[in-house]
Amino acid sequence: ISVGGDGTFLDTVQKISQHLRLTKAKKNFIPIIGVNSSPLSSVGKLTADDTDTLVPLLKKIISKQVFSQQIYQISIEIKGALINKFALNDILFTHSNPSATSRYLLALNDSDYEFQKSSGIWISTGLGSTGAMFAAGGKIFSHSSQDLQFRVREPYYGNNETFYSFTEGFFSSQQTLRIKSLMNEGMIFFDGNTDMHSLAYGEEFIIRIFSEPILVFLSMSATS
């Protein structure tokens with residue numbers, strides 16, 4: 001049981017995912033319940049209930065009137081290995097100073113790399129598609145989807161007459177998005193400021209859906 005707001009819930013999921021990776025557990029059979037400890041000041045979109053309605057919810061769970069759901073996270077592979085950091089909502093690849101120009105090479109699956117300049121790239125799950133991705137012009141899609149969505153932030157073309165080939169779209173669980181940082185201070189932000197990972201110049205990382213789902217009890221607003 002995660003008691004707090006959405007940030008606490010995201011942090012809890014992150015810790016459980018890291019534990020599963022470290023212990024090499026195949027699946028997580030224990031569902032997570034988020035309880036909003038301050039419903040007057042916290043949106044709590046990911047929390048299933050608040051402190052006043054927790055007991056009735058637990059009774060429904062025990063009597064099998066309410067069931068957990070499978071949700072998927074974003075994983076990052078560097079040099080052939082998954083790093084032990086995950087994102088339930090979204091990741092942002094950008095310069096360590098997000099106001100600086102981001103320079104990188106971008107490719108979908110085995111396509112050729114394309115050089116781009118922008119403010120960075122958003123990648124989101126269905127659950128995270130209602131947040132920063134939607135605000136940036138992305139599309140909302142099912143929270144239980146195993147697809148991921150990407151969107152380049154403020155692409156910069158300069159004097160070039162040719163637009164970039166890859167600036168937005170979806171890729172499935174069988175596909176990957178490859179990015180090579182051309183910055184000395186590249187950074188990946190996981191679920192806002194929940195976690196981050198720095199990148200050296202020329203370092204490549206591969207983005208895909210994490211194969212093992214997390215079991216959660218979500219609020220009705222998050223499932224719509």
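These are my notes on two open sheets in a predicted model.

**Entry 1: sheet with S12 and S15**

I looked up the strand order and found an open sheet of six strands, S12-S11-S10-S7-S14-S15, with antiparallel pairing. I then checked the edges. Strand S12 (168-171) and strand S15 (195-199) stand there, and each has a single partner strand, so one side of each lacks a neighbour in the sheet. For the twist I noted an average of 15° from one strand to the next.

I followed the S12 edge inward. S12 pairs with strand S11 (residues 148-153) in the antiparallel sense, over four bridges. Which residue of S12 is the bridge partner of Leu148? I found Phe171 in that position.

**Entry 2: sheet with S6 and S9**

I went through the second order in the same way. This open sheet of six strands reads S6-S5-S16-S13-S8-S9, and its pairing is antiparallel. At the edges I found strand S6 (81-87) and strand S9 (114-118); each has a single partner strand, so one side of each is left without a neighbour in the sheet. Neighbouring strands here are turned against each other by 30° on average, with direction ignored.

I took the S9 edge for a check of the pairing. How many bridges join strand S8 to S9? I noted five bridges between S8 (residues 102-108) and S9, with the two strands running antiparallel. Within this pair I located Ser102, which stands opposite Ser118 in S9.

**Background note**

I added a reminder that strands of a sheet pair through backbone hydrogen bonds, either parallel or antiparallel.

Terms used. Residues are numbered from 1 along each chain as its sequence is written. This is a predicted model: local features need pLDDT of at least 70, side-chain atom pairs count only at pLDDT 80 or more; totals for chains, interfaces and linings use all residues. Side-chain values use heavy atoms; hydrogens and water are left out. Two strands pair if DSSP finds at least two bridges between them. Axes are lines fitted to C-alpha atoms, for helices over the stretch in contact, and angles run from 0 to 180 degrees between N-to-C directions.
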